[in-house]
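Please open the structure in your viewer and keep the sequence panel visible. This tour proposes one selection after another and states what is to be found at each stop.

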Amino acid sequence: FRRLNGPFRPPPLPGHRRARARACALALPSPLPSHGSRRHGAPFRSPSTLSSSFSSSSSSPSPSGPAPRPVCVKHVSGVDMIDAEAWWGSVQETPVREKLSELLANAGVEFWDDSRDFVKTPTVSLSAIGGIPLRLRGGDIPDGCVELSIGGSGPVVSIADLADSLRRQMGMAAFPSYLNPKGIAPLPMWNVVAEHRHFSVGHSASLSFVMAGHSCAVENEFNCQRDVVHLGRLTVARTAAQVRAPVVVPFEELLPAYKMVKMTVDEQIAETKNRPEGVSVGDWQEARFTIASASKAHLAVITGSLRNFQKLVGEISSGGKEREYIELLRKLNDSLHGILPDMFQPSDSYLES
């Protein structure tokens, strides 16, 4: 990987667009084109130093084994982030039946097993600010900074500056109340708003997060909040991506039981390939794949205003919710607190209140 750790200027190569799209998944040390060489119509755009910015999986390969698999996530200034463009590009050429497990792995999800059938730990990662996707690169981007996906090579900004931009936007949303008689600048106006806890101005700013590796069962909790946040989620059963979906196992002691259930489900789905005449492919797949348990792993993109995220993470203090749901909310709130600690309190404080 030494070649990817520093800047380089490779000549154009045949098939370079395919190599670029696969770089995240395969961690190929082959040259990738710069943004300036992107041709019109390429479905995904990735930074020229794509693979160097991603952390590797925790397992170290043997000298003769495969290279460590990269994941398209990075911890920046206390916030878990994901390069969504690179993440989707990482499975562009992956068979649809393998895309789910590959996407989960590339989002940093931990598994109990090497075959990636049993999910251990989900992830929640910031993917966009104000509707603008984030790009992650290494080498030439300072610590604590990200690239905004604007044009071929977007501006590089610090997380602190992005947070202040959100504060200024919320400060300006407060101007109409009294028409700012004292002529206060937007950022100081936000300080006044935060002091009085008038957080309704948080509706003027939005964030998006990728949730990966949660169960179908707990996703129903987020489905019930769709008047609060937008949820772009994986279709439950009508897609071939669900033919051998991984399952979420919260405790290692339950692995033997989950393995037996998954083996039975996979066998029964495999034995029901023959579709009756008059039944559409989608309807037949939905009927077959619904056999799977509610523990099958999912992924979703959750988007909301800062104010609505405040309402959502407030359920951390709810006593009757599922453990997995609360853990996802804690992961979400940890990043929100990392960005705006003056608006989102630490996750533990919800339990103390």
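Begin by selecting methionine 263, which is partly exposed, with a relative accessible area of 41%. Here, buried means under 20% relative accessible area, exposed means over 50%, and partly exposed lies in between, with a 1.4 Å probe and protein chains only. Methionine 263 belongs to helix 8. Helices (H or I, at least four residues) and strands (E, at least two) are DSSP runs, numbered from the N terminus. Now add arginine 244 to the selection: its C-alpha lies 9.9 Å from that of methionine 263, and the two are 19 residues apart in sequence.

Before going further, note that this is a predicted model, in which local features need pLDDT of at least 70, side-chain atom pairs count only at pLDDT 80 or more, and totals for chains, interfaces and linings use all residues. Residues are numbered from 1 along each chain as its sequence is written, and side-chain values use heavy atoms, with hydrogens and water left out.

**Confidence**

Colour the chain by pLDDT, the predictor's confidence in each residue, from 0 to 100. The chain has a mean pLDDT of 82, and 79% of its residues reach 70 or more. Then select residues 1-70, where pLDDT stays under 50. Where pLDDT is low, the predicted coordinates should not be read in detail.

**Helix 9 and its cover**

Select helix 9, residues 281-289, in which Gly282, Gln285, Arg288 and Phe289 are buried. Seen down the helix axis, these buried residues fall within an arc of 130°, so they line one face of helix 9; the arc is that of the directions from the helix axis to the C-beta atoms. Show helix 8 (255-270) as well, since it is included in what covers the buried residues of helix 9.

Next, pick aspartate 283, which lies in helix 9. Is aspartate 283 buried, exposed or partly exposed? Its relative accessible area is 40%, so aspartate 283 is partly exposed. The side chain of aspartate 283 is joined to that of arginine 238 by a polar contact of 2.8 Å. A polar contact is a pair of N or O atoms within 3.5 Å; within protein, one must be able to donate a hydrogen and the other to accept it, and residues adjacent in sequence count only if both atoms are side-chain atoms.

**Histidine 214**

Move to strand 9 (residues 206-215) and select histidine 214. At 0% relative accessibility, histidine 214 is buried. Which side chain is joined to that of histidine 214 by a polar contact of 2.9 Å? The partner is glutamate 219. Beyond four places in sequence, the contacts of histidine 214 include Pro122, Val248, His298, Glu324 and Leu328, where contact means heavy atoms within 4.5 Å.

**The nonpolar cores**

Select Leu207 and Phe309, the residues with the most contacts inside the largest nonpolar core, which has 49 residues. Helix 11 (residues 323-339) gives the most to this core, with seven residues. Apart from it lies another core, of 21 residues, among them Ala86, Val91, Val210 and Ala212. A nonpolar core is a set of buried Ala, Val, Leu, Ile, Met, Phe, Trp, Tyr and Cys residues joined through side-chain atoms within 4.5 Å. In soluble globular proteins, nonpolar side chains tend to be buried together.

Centre the view on phenylalanine 309: among the residues it touches more than four places away in sequence are Leu207, Phe209, Val229, Leu332, Leu336 and Phe344.

**Aromatic pairs**

Rings of Phe, Tyr and Trp (its six-membered ring) pair if their centres lie within 6.5 Å; planes under 30 degrees apart count as stacked, over 60 as edge-to-face and the rest as tilted. By this rule there are four aromatic pairs. Select tryptophan 190 and phenylalanine 199: their ring centres are 5.9 Å apart and their planes stand at 40°, so the pair is tilted. Tryptophan 190 is buried, with a relative accessible area of 0%, and phenylalanine 199 is buried, at 4%.

Finally, select phenylalanine 222 and tyrosine 325, whose ring centres are 5.0 Å apart and whose planes stand at 70°, so the pair is edge-to-face. Phenylalanine 222 lies in helix 7 (residues 216-223) and tyrosine 325 in helix 11, so this pair ties together parts that are 103 residues apart in sequence. Both phenylalanine 222 and tyrosine 325 are buried.
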